[in-house]
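Could you walk me through this protein model in plain words? I am new to reading structures and would like to see how its parts fit together.

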Amino acid sequence: MNNFDFKNPTKILFGKNQIENLSKEIPENAKLLLLYGGGSIKKNGIYEQVKTALSNFEVLEFGGIPANPEYAVLMDALTIIKEEKITFLLAVGGGSVIDGTKFLSSAALYKGEDPWEILTKSIPTQKGMPFGTVLTLPATGSEMNSGSVITRKETKEKLVMGGPGLFPVFSILDPEVVKSIPQKQIANGLADAYTHVLEQYMTYPVHALLQDRFAESILQTLIEVAPRILKDTSDYNAAANFMWSCTMALNGLIQKGVPTDWAVHMMGHELTALFGIDHARTLAIIAESHYTYNLETKKEKLAQYAERVWNVSEGTLEEKALAGIKKTTEFFHSLGIDTKLSEYTKDYKGTAEIISKRFTDRGWKGLGEHGKVTPSDVEKIVEMSY
Ligand code: NZQ
Ligand code: ZN
């Protein structure tokens, strides 16, 4: 097992009616900015619950943060934060609203000239404006981690940022919010969380027995709960297990002491930036090609995954590894998610070269757990995903 430090300061309030406890978590004299997305919270009652819980606070609002939070929109919110001397941010939404809020938390205290540099120069945020979240969509784990992904339409870029100052102070996870989520977003959440686990597991063995079993148990829970939550979003127990699995998949715990990959995400982000494909679906497009292309370096873990998660008992190590890849693709299909780029756009020719060149231009020499997936490998992997 590798050495590690572990600190996760986010307080979780999990369960029915936890939104009622919101006011207890916010500093008394805070001047709040409530941030939300395209308006789903106004249709499903979450907005009302939040407003009621905040009745004793001075609250300004900023709505309209789009899926794949857009830099230009966030810059309008930043103006309000500065002009109104906001002291606390509250994100009410999914990964996009939470990530947008993280950017604002960092940008509000940023001393440099142009906050876009936080992303292009990978400046870690040591201290941000404090913020909390009310999660409305289980998927990204953003509610309990310190990462954020911001999109800039103007340049067709989607870049990551983070740092120890970007953990939410608290996050409210009420599984009842799952009721109103459309099927497509439920499928996205399942696929995103599933791939988060794979990115932290599908590497090479380092005798981290507990971390492996944490990861496998999250995958097994997602597999078990997927058909139930897709069939009936008001199944509270299914929703609760779905929600907690998504949080646990990316709150830092399972990646401690083990190598991590994240190449599927890096390639996937480019597909969202270029074509606007939903984040989770880009992962489903890349995963099979990435694991097949890197079979040699990943086969032990792939085979272990096939055995323990999918009960594959026949065949050589390599055959089991390949069976694991096949099962993964079948799982995405069972969620109604297509796994080939050509099923999303007719414009896919040349994509692999564009993405590979972007990685070269950014100076990214090698991705993955060994840092050996070069831009030229990326080109081949993306091409295999057409
Ligand atoms: O905008 P509104 O109207 O709220 O509608 C949203 C949006 O259209 C809707 N929705 C959310 N909660 C709902 C609901 N509809 C009905 N009922 C509810 N309770 O769902 C749509 C998608 O929301 P979004 O927040 O974009 O989805 P998700 O949570 O999947 O977030 C995706 C973003 O997170 C980033 C992705 O790249 C993408 O930009 N990621 C962030 C990560 C992190 N910070 O750790 C890791 C991930 O790998 C990912 O990259
Ligand atoms: Zn993801």
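## A walk through the model

Let us start with a pair of charged residues: the side chains of Glu318 and Lys299 meet in a salt bridge, with 3.6 Å from N to O. Glu318 belongs to helix 12 (residues 317–334) and Lys299 to helix 11 (residues 295–310), so this pair ties together parts that are 19 residues apart in sequence. Keep in mind as you look around that this is a predicted model.

Why can such pairs form at all? Side chains of opposite charge can pair when their charged atoms come close. Now compare the surroundings of the two partners. Glu318 counts as partly exposed because its relative accessibility is 35%. Lys299 has a relative accessible area of 16%, so this residue is buried. The cut-off behind that word is simple: buried means under 20% relative accessible area.

A search of the whole structure finds 21 salt bridges. One of them links Arg228 and Asp235, where the closest N and O atoms are 3.5 Å apart. Arg228 counts as partly exposed, with a relative accessibility of 35%. Salt bridges can also be joined up: Lys31, Glu58 and Glu84 are linked in a network of them.

Another pair is made by Glu154 and Arg152, whose closest N and O atoms lie 3.2 Å apart. Is each partner buried or exposed? Glu154 has 65% relative accessibility and therefore counts as exposed, whereas Arg152, at 17%, counts as buried.

Let us stay in this part of the chain for a moment. Thr151 sits in strand 6, which covers residues 147–152. Thr151 is buried because its relative accessible area is 11%. Which residues does Thr151 touch, leaving aside those up to four places away in sequence? They are Asn68, Pro69, Glu70, Tyr71, Glu157 and Lys158.

Move a little further along and you reach the loop between strand 6 and strand 7 (157–162), where Lys156 is found. The backbone of Lys156 deserves a look: its phi is positive, about 50°, although Lys156 is not a glycine. Most residues other than glycine have a negative phi. Lys156 is partly exposed, with a relative accessible area of 43%.

Asn17 gives you another example, with a positive phi near 65° in a residue other than glycine. Asn17 is placed in the loop between strand 1 and strand 2 (31–36). With a relative accessible area of 45%, Asn17 is partly exposed.

Now step back and take in the chain as a whole. The protein chain is divided into domain 1, residues 11–176, and domain 2, residues 182–384. The C-alpha centres of these two domains lie 26 Å apart. How many residues are in contact between them? On the side of domain 1 there are 25 residues, and they are in contact with 22 residues of domain 2.

Next, look for the metal. Which residues coordinate the zinc ion (ligand 2)? Asp192 does so through OD, while His196, His265 and His279 each use NE2, at 2.0 to 2.1 Å. Along the chain, these donors follow the spacing D-x3-H-x68-H-x13-H. You can link the start of that pattern to the fold: Asp192 and His196 both lie in helix 6, four residues apart, which is about one turn of the helix. Asp192 is buried, and so is His196.

Helix 6 (183–201) also helps you find the next stop. Ala208 lies in the loop between helix 6 and helix 7 (209–231). Is Ala208 buried or exposed? At 2% relative accessibility, Ala208 counts as buried. Beyond residues up to four places away in sequence, Ala208 touches Met1, Gly257 and Val258. The contact with Met1 shows how folding brings parts of a chain together: Ala208 and Met1 are 207 residues apart in sequence, yet 5.1 Å apart in space, C-alpha to C-alpha.

Met1 leads us to the last stop, on the surface. Met1, Phe4 and Phe6 make a nonpolar surface patch of about 320 Å². Phe6 is found in the segment before strand 1 (11–14). Phe6 is partly exposed, with a relative accessible area of 41%.

Notes: Residues numbered from 1 in each chain as written. Chains lettered and ligands numbered in written order. Predicted model: local features only at pLDDT ≥ 70, side-chain atom pairs only at ≥ 80, totals over all residues. Heavy atoms only, no water. Helix = DSSP H or I, 4+ residues; strand = E, 2+ residues; numbered from the N terminus. Buried < 20%, exposed > 50% of the residue type's maximum accessible area, 1.4 Å probe, protein only. Contact = heavy atoms within 4.5 Å. Patch = residues over 30% accessible without salt bridge, like charges linked within 9 Å, V, L, I, M, F, W, Y side chains within 5 Å. Areas by Shrake-Rupley, 256 points an atom, 1.4 Å probe, with all protein chains shown as cover. Salt bridge = Lys/Arg side-chain N within 4 Å of Asp/Glu carboxyl O. Donors = N, O, S within 2.8 Å, 3.2 Å for Na, K, Ca; no water. Domains from an automatic or database assignment.
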